[in-house]
Amino acid sequence: MIRGDGKSRKEGFDPDAILLGMTATPVRGDGRGLGTIFEVIVECPSVQALIDAGHLVPPKVYAPSTPDLNGVKVQAGDYVVSQLEAKVDTAVLVGDIVTHWHRLAERRKTVVFATSVAHSVHIRDQFRESGVAAEHIDGNTPSDERDGILRRLEAGEVDVVSNCMVLTEGWDQPAVSCLILARPTKSMGLYRQM
């Protein structure tokens with residue numbers, strides 16, 4: 001087992017046990033590599049290589065509005081969330097998300113990645129006001145409620161789920177065919193997780 005400080009701990013394990021660490025996002029937020037933690041690093045294929053091999057669908061990317069991020073500081077390799085939220089949680093940008101979804105992706109099962117809880121709720125509310133079955137989840141959403149929302153998304157009872165930093169690790173739902181990245185990031189790891 002690898003502890004958070006990178007040292008191995010083998011209590012309760014065979015002394016000859018092999019330790020194996022796996023991650024889908026080998027990019028650390030602090031920019032340091034994983035070579036100090038693991039002796040051997042096996043790199044997976046790139047996203048483009050997986051698309052070329054037919055394992056991933058080539059994305060269609062639309063960027064109808066670009067938020068003005070002037071003045072938003074970067075800390076620990078990503079935007080300062082409170083400053084970012086003030087720039088992206090605006091009536092114009094959130095309304096643009098909903099308008100463009102109706103034009104480009106209506107009725108596709110969709111997941112939105114928002115900057116903050118308030119931003120995610122604002123997005124959900126705008127979708128609801130336009131007649132779309134939309135839900136919101138965040139880290140404080142009870143597990144059973146979260147699971148129910150995701151089941152309803154998969155079943156088609158919900159069209160859009162907006163979330164704040166919940167569906168960025170270890171989550172997959174093949175039925176989802178539209179992602180909205182309403183949370184600008186400078187973090188390659190977070191970008192790949194979204």
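How much area does the protein chain expose, and what share of it do carbon and sulfur atoms supply? The exposed area comes to about 12400 Å², with 52% of it supplied by carbon and sulfur atoms. Please keep in mind as you read on that this is a predicted model. Here is a short tour, from the whole chain down to a few residues.

**Overall build**

- The protein chain holds six helices and six strands.
- Read from the N terminus, the order of these elements is α-β-β-α-α-β-α-β-α-β-β-α.
- The chain has 194 residues, and 32% of them count as buried.
- Among contacts with a separation of 6 or more, 64% are between residues 24 or more positions apart.

**Strand S5 and its partners**

- Strand S5 covers residues 160-163, and its side chains alternate: Val160 and Ser162 point one way, while Val161 and Asn163 point the other way.
- All four of these residues, on either side of S5, are buried.
- Strand S3 (residues 110-113) runs parallel to S5, and four bridges join the two.
- In that pairing, threonine 110 is the residue opposite valine 160.
- Strand S4 (residues 134-137) is also parallel to S5 and is joined to it by four bridges.
- Here alanine 134 stands opposite valine 160, so valine 160 has a listed partner in S3 as well as in S4, going by how strand pairing is defined through bridges.
- S4 and S5 belong, together with helix H5 (residues 143-155), to a right-handed β-α-β unit.

**Aspartate 159, just ahead of S5**

- Aspartate 159 lies in the loop between H5 and S5.
- Is this aspartate 159 buried or exposed? Aspartate 159 counts as buried because its relative accessibility is 13%, and the cut-off for buried is under 20%.
- Leaving aside residues up to four places away in sequence, aspartate 159 touches Trp101, Arg107, Arg108, Lys109, Thr110, Val132, Ala133 and Leu153.
- One of these contacts, Thr110, is the residue that stands opposite valine 160 in S5.

**The aromatic pair**

- How many aromatic pairs does a search of the whole structure find? The search finds one.
- Tryptophan 101 and phenylalanine 127 make up this pair in an edge-to-face arrangement, with 5.4 Å centre to centre and 90° between the planes.
- The pair links distant parts of the chain, 26 residues apart: tryptophan 101 sits in helix H3 (residues 91-104) and phenylalanine 127 in helix H4 (residues 117-129).
- Tryptophan 101 and phenylalanine 127 are both buried.
- Trp101 also appears among the residues that aspartate 159 touches.

Technical notes:
Residues are numbered from 1 along each chain as its sequence is written. This is a predicted model: local features need pLDDT of at least 70, side-chain atom pairs count only at pLDDT 80 or more; totals for chains, interfaces and linings use all residues. Side-chain values use heavy atoms; hydrogens and water are left out. Buried means under 20% relative accessible area, exposed over 50%, partly exposed in between (1.4 Å probe, protein chains only). Contact means heavy atoms within 4.5 Å. Accessible areas come from the Shrake-Rupley method with a 1.4 Å probe; for residues, only the protein chains shown count as cover. A crossover is right-handed if, with the strands pointing away from the viewer, the path from the first strand over the helix to the second runs clockwise. Rings of Phe, Tyr and Trp (its six-membered ring) pair if their centres lie within 6.5 Å; planes under 30 degrees apart count as stacked, over 60 as edge-to-face and the rest as tilted.
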